[in-house]
Amino acid sequence: MERRNFLKTGILASSGAFFIDSFLGCVNPRLKNNQQIDYFEVFQSPPVDSRLFVRWWWNGNRLDKKEILRELDVMKEAGIGGVEINPIAFPGDTDPVGYEALTIFDGEWLDMLKTALEGAKQRGMICDMIVGSGWPFGGEFLKKDDQSQMVTIETIDLKGGDNYRFKVSGLLEKVNPDVHSKNKEVYKDLIMVRLLPKEPGKFTEGKELIHTIKNGILELQVPNGNHVLYYVVKLTGYMAVINGAPGAAGPVLNHYSREATENYLDRISGFISGKVGDMGNYLRAMFCDSMELEGANWNDDLPIEFEKRRGYSLVPYLPFVLKKVGHMGNPLDEEYGTKFSEDVIDRIKRVDLDYYQTRIELFKERFIDTFNEWCHRNNVKSRMQAYGRGMHPVEASMGIDIPECETWAFKDVGREYPDTGLRGRGPRMCNKYVASGAVLAGKKIVSCEEVTNTAMAFMATLENIKIIGDQSNISGVNHSILHGFNYSPPAAKFPGWIRYGAYFNERNTWWPYFKKWAGYKARISYVLQNAVPQANVAILQPLIDLWLKHGPQRDPFPQKWYPDYQHNLWEAINQNGGGCDVVSENIIKNSTFEDGRMKYNGRSYSSILLPEIETLDLATTTAIVAFAKTGGKVIFIGKVPFKSPAFKGNGTEDAKVKQMIDKLQKDHPVNVIRYPVPDGDLIKWYGKLQEELGLGPYVRFNKTHNYLSQASYKLGKNPVFFIANTSLSEHISVTAEFMVEDNLHPWVWDPETGEKYIYPTKGNGKVLGLELPRATSILIVFEKQSEGEVYSAIKLKPEADRVEGTWQLQLNHINGEKTSLELEALTDLVKNENTRNFAGQVIYEKSITIDSANYEYIDLGDVQGVSELSVNGELIGERWYGAHIYNVKDALKVGGNKLSIKLTTIAGNYVKGLKDNKVAQNWTKHQDYYPMGIIGPVRFI
């Protein structure tokens with residue numbers, strides 16, 4: 001029985017684009033003569049730009065034309081629709097097997113690039129390309145003025161009345177931030193030296209001493225009382241490109257300089273267009289990877305720009321807004337410097353906020369906008385991961401053609417799901433911000449660096465990968481760029497040239513089944529790219545308060561967040577059947593308000609949540625008052641705003657904000673609500689809020705579950721629901737009531753097969769019983785059509801007959817070895833010393849006698865791997881995720897029967913056992929063994 005037939009008889013509760021017209025012939029059907037599109041027809045065979053792309057790591061630029069074309073063929077055959085060409089440093093402890101490293105943009109390397117671009121085009125595949133190599137981009141060729149800059153501080157406590165003598169070289173030597181990727185040559189300039197009391201009664205900028213330095217020596221006599229010497233150092237070229245390939249390693253670019261950015265980008269387009277002509281003939285987009293700038297915060301004209309934009313000088317406050325920094329630019333968690341009063345600290349934090357706002361503006365104008373303009377001049381789209389320090393997490397993505405976020409692979413995904421935090425989640429906290437920015441800007445594609453895998457390399461099953469991808473789609477993603485496909489010639493010793501990744505490679509044990517997931521993801525992506533996410537709730541996250549309390553964070557891995565449920569609130573909304581967007585102060589200020597709704601660029605919200613916001617600027621406060629006056633619901637969670645972030649004005653705006661909020665609550669007690677903060681179960685808390693305040697969901701579940709979530713859309717006029725159980729062990733049974741029009745009927749669009757079936761309903765036709773086994777999702781589309789093949793149900797019964805006794809195993813190892821084994825009972829193969837380091841296919845065989853013709857199904861129980869079942873020599877089907885349940889009614893016979901199950905394992909346990917293989921050990925020595933095999937129990941139903 002094929003998978004398509006199994007899905008047709010799926011499990012039902014018994015209890016009640018971004019498209020380019022001319023690119024490779026792939027045309028968005030919506031653009032053809034403005035004709036009505038048959039979405040389901042295209043869903044059956046989705047276009048190439050809906051298919052999975054991969055980050056194609058050109059490891060060390062050790063390239064060969066034949067190998068480039070061979071790998072394109074491998075990817076094409078696996079259902080991959082596009083590649084992101086990504087030159088990167090050669091992996092450590094790896095044998096290059098005679099391949100020489102090429103220098104990026106040299107003549108021979110450009111020949112390789114042309115081969116890849118032409119080869120992809122001939123195969124109907126799409127190409128993106130990273131700008132430069134590694135991240136953030138830069139290169140050995142950059143002039144000093146074009147290299148990244150950071151200003152930071154050092155402090156020295158001094159005793160009153162003593163004389164001190166410092167060598168400037170010694171002071172500079174002490175400033176050596178522990179950045180992750182240090183450049184070899186760092187330029188250091190002392191730009192400010194100040195002396196001030198350890199505990200001044202009021203703000204003082206201190207005494208400037210830099211002019212007293214003579215012949216590289218600073219001498220000073222400290223007045224009475226304890227003092228602190230502050231000195232500010234500018235570091236230029238302090239950071240090297242992370243994993244830069246030859247020709248694009250070395251210092252990172254100064255992203256705060258428009259001139260440096262233009263020069264860098266024009267150099268690249270000159271090389272590429274000089275080789276292949278118009279870049280747009282071969283490339284869909286140019287890509288900018290992670291903005292891990294490790295503390296970059298400066299350009300020489302920043303003080304001038306600050307004063308121009310903020311209306312006062314930064315210089316008096318500069319030493320006090322700067323931080324000592326370490327790894328990835330994170331502030332050091334230690335006490336140092338002058339101890340100001342709380343009032344002074346509050347004022348300094350407001351200056352710091354203005355400093356950060358100035359950097360956000362300069363980064364957008366000088367880097368993001370410059371990058372966008374360059375892409376468009378060269379007839380390609382911009383694709384960028386526009387988040388991290390120096391960018392607004394919502395607004396930065398709005399100007400990008402293809403905004404991108406990231407979803408990671410961790411062992412805890414599917415195994416844990418705590419109430420708050422990031423454990424158990426594949427999507428990073430940036431995903432919802434990026435997806436919100438994209439939809440607010442009217443973008444059709446939300447791209448994602450997906451299944452980024454450094455923690456469980458080689459150990460991920462296709463089932464692991466599926467639930468990670470399903471979580472990613474729930475977070476707002478609709479196109480996946482897999483992380484990634486390693487350029488690795490067949491001559492490379494197993495496991496090959498491995499830069500990163502979940503081992504998306506033809507040498508992986510489960511690669512023959514990869515196409516199953518690729519087809520599934522392509523159909524999901526096609527629907528979501530052409531549908532509009534539904535949201536009636538806006539969230540204004542307390543980013544200003546977060547920055548004031550803890551400083552800007554290193555997204556997507558923040559050290560701190562505020563409040564503790566900050567990044568989980570949207571999850572609780574979706575888990576309760578709702579939909580939301582994250583907005584910003586600027587979005588609110590530029591919205592219109594009418595009939596109780598806040599409207600922005602086609603988005604419309606009836607409610608806005610403000611989680612524990614203390615600080616709100618005057619203009620945003622005014623806009624929220626206007627929204628409430630039209631009947632919109634304003635929901636303050638826990639706290640109400642009582643101050644403004646403004647530095648200027650001596651607190652007058654603080655009083656105005658508090659006065660306006662107090663009046664707002666008094667004048668509109670019905671639709672302006674202060675709701676208690678969550679205490680414990682966040683999902684339950686939001687469900688109660690939703691019910692009490694009348695925030696209508698799009699689907700109402702009779703019960704919620706940590707692992708159960710949904711995302712609702714409109715595909716044309718048809719409501720669409722993507723519902724997923726992302727647990728690796730738990731089965732979820734729910735009843736779901738869908739808030740749709742009376743004349744619509746639910747259809748299951750099967751993303752694995754491209755078929756559809758009408759779903760049986762209860763009551764008013766909008767209530768569905770759902771049974772979601774582990775790692776299982778369902779795509780439901782409501783249509784006017786009411787007749788069709790019915791999605792029938794397996795009636796799961798608690799009583800079932802176990803298959804007991806001995807199993808015969810044939811083990812076919814990927815290293816070519818073949819062995820036999822007898823198991824007295826099914827077990828995790830990792831628990832057996834003889835099979836712990838196995839990888840490949842295990843054939844489980846057993847002869848059984850059946851005395852009844854009433855059995856319909858066989859349930860293999862807990863299966864770790866991909867299973868294929870044959871009964872009496874007849875192939876019944878295969879399962880690569882979820883419940884490994886097969887319909888065997890027509891295959892079983894009364895009397896003797898032979899069961900044969902082919903189980904494909906992960907490669908990781910074998911890789912972990914290769915003790916003399918440095919590549920293998922580098923990735924797996926710190927990992928646990930992962931379960932594999934048919935663990936059971938096997939039951940007849």
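Visitor: What makes F137, F141, Y256, Y264, F363, F367, F371 and W374 a cluster?

Guide: Ring pairs link these residues to one another. Rings of Phe, Tyr and Trp (its six-membered ring) pair if their centres lie within 6.5 Å; planes under 30 degrees apart count as stacked, over 60 as edge-to-face and the rest as tilted.

Visitor: What kind of model is this, and which atoms count?

Guide: It's a predicted model, where local features need pLDDT of at least 70 and side-chain atom pairs pLDDT 80 or more, while totals for chains, interfaces and linings use all residues. Numbering runs from 1 along each chain as its sequence is written, and side-chain values use heavy atoms, leaving out hydrogens and water.

Visitor: How many aromatic pairs does a search of the whole structure find?

Guide: The search turns up 55.

Visitor: Why is the aromatic pair of W135 and Y500 called tilted?

Guide: Their centres are 6.4 Å apart, with 50° between the planes. That is within the 6.5 Å limit, and the angle is neither under 30 nor over 60 degrees, so tilted it is.

Visitor: What makes this a link between distant parts of the chain?

Guide: W135 is in the loop between β3 (126–130) and β4 (149–158), Y500 in the loop between β14 (479–486) and α12 (511–530), and they are 365 residues apart. Strands here are DSSP runs of E, at least two residues, and helices are runs of H or I, at least four, numbered from the N terminus. Both W135 and Y500 are buried.

Visitor: And what about Y487 and W497: how are their rings placed?

Guide: Also tilted, because their centres are 6.1 Å apart and the planes meet at 35°. Y487 and W497 both lie in the loop between β14 and α12, so this pair ties together parts ten residues apart in sequence.

Visitor: How do you know whether Y487 and W497 are buried or exposed?

Guide: Buried means under 20% relative accessible area, exposed over 50%, partly exposed in between (1.4 Å probe, protein chains only). Y487 has 0%, so it counts as buried; W497, at 1%, is buried too.

Visitor: What makes the charged end of K411 sit over the ring of Y930?

Guide: NZ of Lys or CZ of Arg must be within 6 Å of the ring centre and within 35 degrees of the ring normal. K411 is 5.0 Å from the centre of Y930's ring. The charged end of K912 likewise sits over the ring of Y929, 5.4 Å from its centre.
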